[in-house]
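This briefing reviews selected local features of one protein model. The points are grouped by topic after the structure.

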Amino acid sequence: MIGIAALWIGVLLLGGALALDRVLVNSVESNFDNQLNYVLTAMIASAEVAPDGEVRFSRPLGDQRFMEPNSGFYWQIRGRDYPDYPSRSLWDRTLPVDVNKTYLTPHFSDVDSFQGATLRMVERTIILPDSDVRWNFAVAQSTETVKADIKRLRSTLLISFAILGIGLVVMAALQTLYGLWPLRSVRQSIAEMRSGRKSRITDSFPEEVMPMVGELNALLDHNERQAEEARRHAGNLAHALKTPLTVVMNAATAKSPDLDQVVMRESTTMRRQVDHHLARARAVGRRGHAHSRAQVWDSLESVERAVGRLYDNVRLDVTGAKDAIVACERQDLDEMIGNLVENAAKYGGGSVFVTVEEKDDRVEIQVEDDGMGIPEVERERIFARGARLDTGKPGTGLGLAIVRDVAEIYEGGITLEESEDLGGLLARLWLPKAVR
C-alpha cells in the first residue's frame, strides 16, 4: 500500500510539476517578449526624420543600459541606402537586421550569431511621416537573464515538489501503518486464543475493524456450537446404541432361542439411530451454506413416488406453490418430507393431503391425514426419540424427532395440530425461504 501510494504520488507530482513548469516558463518568456515589444514601441513613438533624411529620436530612451557598451540590451534602426542608427551599447557590432524583409507586426527571433551571447530580438518595419523609406526598428536583449530566472524557478519548483512528495509519502506511510496497526492486535489476540490464554477477542478496536472482530467472534461461537453439538450427538448415539447392544449381549449370553429375532430387531433399532444422527450431522455440517436451496415440489414428487410404491392403498394429493424454494439441502428436505408423509400414510386412514404455502420469509409444508390423530397432551412427547403411540405397527419412533432436529438446524420448526378437513393429524413444517 505504501509503495503504491508512493508511486501514485510520484506520478501525480511529476505531471503537476511538468505542467506548472511549462506554464511558468511560458509566462517568463512571454513577459520578456512583452518588455522588448514595449521598448520597441517607445522607440517608434520617439523616432522622427531629420532634415537630412536620417532617423533621430525626439527624446532619449530612458534605459541606461543602451548607453553602456556590451550591456546586453541593444537597439538598431536600419533603412535602405541609409547608414545604421545603433545604440551606443552595440559599440562596434551590429544586429542582423535584414532591410529586404518587411514586418508589419512585431517579429521575434533568436539570434545566435551575436558574439558571445544569445539574443532575443524583436523587429518591426515602419514608414515614418515625411519619409518614403521603410525603416526596420529592432530591439534585442541577452537571454542570460531570462535563462537565469528560469533556472532559479525550476530549482525552486524541484525543491518544493521534492519536499511535498516526501511529505506526502511519509504521511501515506504513517496513515497506512496507523490504519493497519489494529490488525496486529487482532493477530496477537488470535495467537493468544490459539495458545489458550483467551477465548474471544475482547479488546476495543476502531469502527472499521470491529465488524471483522465481530465476525471472528461469531465464527468462534459457531465452531464451538458445532463442536458441542458433535459431542452431544456422539454421546446421544452412544447412549442410544448402548441399550440395543446390551439386549443382544444378554440374549447371546443366555443363549436365547429367539436370538436371531432379537439381533434383527435391535439391529434395525441401531440402524435407525445411526441414520438419525447421521442426518443431524449432515444438516449441521451444511447449515448456513450460502448455496443451500431446494425445490419443494421436486422433493414432494420424489417422496410421492416412493410412498406410492410402499403404500399402494394410500391416496396422496399435493397442492400449493409449485415454485417454492427453501434454504435447505435437497437430501435433508427429502428426509423431513419423507418422514412426515410416510407417518401419515402408515398411521392414517388412506388419504394424505400435502399443501405448500409461501408466507413472508418462510415456506410452510402442511401434511394432513385422515387417521386417529394424536391427543394434544401427547403431541410434544411424540417428538422424543423412540416415543411411539401406536406400537402395533413397525417403527422406531425416530421419524418426528429427525424432522424437528433437522428443521431446527435450518432455523425452521414443526408443530402438530388437528386437521380440520380430514380429521386426523396435521403436521405443519416450516423452513426459511431461499433468496431467489
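Met 212 is partly exposed, because its relative accessible area of 36% falls between the 20% limit for buried residues and the 50% limit for exposed ones. Met 212 belongs to helix H3, which covers residues 210-253. The model is a predicted one, and the points below continue from the surface around Met 212 to a helix and several loops.

**Nonpolar surface patch**
- Met 212 contributes to a nonpolar surface patch of about 370 Å².
- The other residues that make this patch are Met 1, Leu 180 and Leu 183.
- Met 212 qualifies for a patch because its relative accessible area of 36% is over the required 30%.

**Helix H2**
- Leu 180, one of the patch residues, is also the site of a kink of about 30° in H2.
- The kink occurs shortly before the proline Pro 182, and Pro 182 itself is among the buried residues of H2.
- H2 spans residues 144-195, a run of 52 residues.
- From first to last C-alpha, H2 reaches 74 Å, which is close to the 76 Å expected at 1.5 Å a residue.
- Buried positions in H2 include the nonpolar residues Val 146, Ile 150, Leu 157 and Phe 161.
- Further along H2, the buried residues include Gly 165, Ala 172, Ala 173 and Thr 176, as well as Val 186, Ser 189 and Met 193.
- Gly 196 follows H2 and has a positive phi, near 95°.

**Positive phi outside glycine**
- Most residues other than glycine have a negative phi.
- Lys 255 departs from this pattern, with a positive phi of about 50° although it is not a glycine.
- Lys 255 sits in the loop that links H3 to helix H4 (259-286).
- Lys 255 is exposed, since its relative accessible area is 71%, over the 50% limit.
- Asp 360 likewise has a positive phi, near 55°, and is a residue other than glycine.
- The position of Asp 360 is in the loop between strand S11 (351-359) and strand S12 (362-369).
- Asp 360 is exposed because its relative accessible area of 73% is over 50%.

**Pro 51 and a distant pair**
- Pro 51 is located in the loop between strand S1 (47-49) and strand S2 (55-57).
- With a relative accessible area of 91%, Pro 51 is over the 50% limit and therefore exposed.
- Pro 51 and Asp 361 are separated by 310 residues in sequence, and their C-alpha atoms are 110 Å apart in space.

Key
Residues are numbered from 1 along each chain as its sequence is written. This is a predicted model: local features need pLDDT of at least 70, side-chain atom pairs count only at pLDDT 80 or more; totals for chains, interfaces and linings use all residues. Side-chain values use heavy atoms; hydrogens and water are left out. Helices (H or I, at least four residues) and strands (E, at least two) are DSSP runs, numbered from the N terminus. The expected span of a helix is 1.5 Å times one less than its number of residues. The bend at a residue is the angle between axes fitted to the seven residues ending there and the seven starting there. Buried means under 20% relative accessible area, exposed over 50%, partly exposed in between (1.4 Å probe, protein chains only). Patches are made of residues with over 30% relative accessible area and no salt bridge: like charges are joined within 9 Å, nonpolar side chains (Val, Leu, Ile, Met, Phe, Trp, Tyr) within 5 Å. Accessible areas come from the Shrake-Rupley method with a 1.4 Å probe; for residues, only the protein chains shown count as cover. A salt bridge is a side-chain nitrogen of Lys or Arg within 4 Å of a carboxyl oxygen of Asp or Glu.
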